[in-house]
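Reader: I am new to this one. Please show me the structure, and then let me ask about its parts.

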Amino acid sequence: MHSTLRLGSLVVLLAASAVQAQTPAPAVRTEKNISLALANQIAAEAVAACAANGYNVAATVVDRAGTVRAVQRADNAGPHTLASSERKAWTSASAKNATQAMMEGSQKNPGGANLVYLPGVLLLGGGVPVKSGNDVIGAVGVGGAPGGNLDEQCANAALEKVKGLLG
């Protein structure tokens, strides 16, 4: 009797597994993403945080796919700050990691050093993911302070200012 029950249970389990394996993934996904209003606020807060320390920077905020949503450039910020802030934001969103941490990791790991050869990747501090809970919904990149660690401080200060909006 017990072996019949076990065999019957096994058949039901296998049938359920087969049905589950054949069930297609949903055709439409729901994802969190950064709004234009929030992107503008983060960019403004990052530029303001750096300005408070005397740094003229640009800040770019991208969505979860790395597409630019907002850009602000301080008066007297160098022209290079636009490109560097965008590349840092894109790199951070793409890797879902801070660019400072990525740079340090690539310096310690010869295999990771090859990241610099990927088009668009910029391994300098200043790119920080924007998270809503555990979901990366975008990233902010800051360029123009006298060091990537200072760019990252401004990005983190901006995120601290809006943390109540991130849910």
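Reader: How many bridges join strand 3 to strand 4?
Author: The model is predicted, so each answer here describes a prediction. Strand 3 covers residues 127-132, and strand 4 covers residues 135-143. The two run antiparallel. The number of bridges joining them is six.

Reader: Which residue in strand 4 is the bridge partner of Val130?
Author: Strand 3 spans residues 127-132, so Val130 falls within that strand. Strand 4 supplies the partner. That partner is Gly138.

Reader: What is the phi of Gly133, in the turn between strand 3 and strand 4?
Author: Strand 3 and strand 4 form a hairpin. Two residues sit between them, and Gly133 is in that turn. Its phi is positive, at about 65°.

Reader: Is strand 3 largely enclosed or largely open?
Author: Burial decides this. Five of the six residues of strand 3 are buried. The rest of the structure therefore leaves the strand largely enclosed.

Reader: Which residues form the disulfide?
Author: The count of disulfides comes to one. Its sulfur atoms lie 2.0 Å apart, and the cut-off is 2.5 Å. The pair is Cys50 and Cys154.

Reader: How many residues apart in sequence are the parts that this pair ties together?
Author: Cys50 lies in helix 2 (residues 36-52). Cys154 lies in helix 5 (residues 148-162). The pair therefore ties together parts whose separation in sequence is 104 residues.

Reader: Is the link of Cys50 and Cys154 right-handed or left-handed?
Author: Look at the angle about the S-S bond. It is 110°. The link of Cys50 and Cys154 is right-handed.

Reader: Are Cys50 and Cys154 buried or exposed?
Author: Buried means under 20% relative accessible area. Cys50 has 0%, and Cys154 has 3%. So Cys50 is buried, and Cys154 also counts as buried.

Reader: Which residue makes a polar contact with the side chain of Thr60?
Author: Thr60 is found in strand 1 (residues 58-63). At 1% relative accessibility, Thr60 counts as buried. Its side chain meets another side chain at 2.7 Å. The partner is Ser85.

Reader: What is the area of the nonpolar surface patch made by Val68, Val71 and Leu82?
Author: One of its members, Val68, is found in strand 2 (residues 68-73). Val68 counts as partly exposed, at 38% relative accessibility. Together with Val71 and Leu82, Val68 makes a patch of about 210 Å².

Reader: Which residue is linked with Arg29 and Glu31 in a network of salt bridges?
Author: The count of salt bridges comes to six. In one of them, Arg29 and Glu31 have their closest N and O atoms 2.9 Å apart. Arg29 is exposed, at 61%, whereas Glu31 is partly exposed, at 42%. The residue linked with them in the network is Arg64.

Reader: Which residue forms a salt bridge with Asp135?
Author: The closest N and O atoms of this pair are 3.8 Å apart. The pair links distant parts of the chain, 103 residues apart: Asp135 is in strand 4, and its partner is in the loop between helix 1 (2-22) and helix 2. Asp135 counts as partly exposed, at 35%. The partner, itself partly exposed at 41%, is Lys32.

Reader: How far apart are the closest N and O atoms of Lys163 and Glu160?
Author: Lys163 is exposed, with a relative accessible area of 51%. Glu160 is partly exposed, at 47%. The two form a salt bridge. Their closest N and O atoms are 2.6 Å apart.

Reader: Where is Asn76 found, and is it buried or exposed?
Author: Most residues other than glycine have a negative phi. Asn76 has a positive value, near 70°. Asn76 is found in the loop between strand 2 and helix 3 (80-95). At 71% relative accessibility, Asn76 counts as exposed.

Reader: What is the phi of Lys96?
Author: Lys96 lies in the loop between helix 3 and helix 4 (99-108). Lys96 is a residue other than glycine, yet its phi is positive. The value is near 55°.

Methods. Residues are numbered from 1 along each chain as its sequence is written. This is a predicted model: local features need pLDDT of at least 70, side-chain atom pairs count only at pLDDT 80 or more; totals for chains, interfaces and linings use all residues. Side-chain values use heavy atoms; hydrogens and water are left out. Buried means under 20% relative accessible area, exposed over 50%, partly exposed in between (1.4 Å probe, protein chains only). Helices (H or I, at least four residues) and strands (E, at least two) are DSSP runs, numbered from the N terminus. Two strands pair if DSSP finds at least two bridges between them. Patches are made of residues with over 30% relative accessible area and no salt bridge: like charges are joined within 9 Å, nonpolar side chains (Val, Leu, Ile, Met, Phe, Trp, Tyr) within 5 Å. Accessible areas come from the Shrake-Rupley method with a 1.4 Å probe; for residues, only the protein chains shown count as cover. A salt bridge is a side-chain nitrogen of Lys or Arg within 4 Å of a carboxyl oxygen of Asp or Glu. A polar contact is a pair of N or O atoms within 3.5 Å; within protein, one must be able to donate a hydrogen and the other to accept it, and residues adjacent in sequence count only if both atoms are side-chain atoms.
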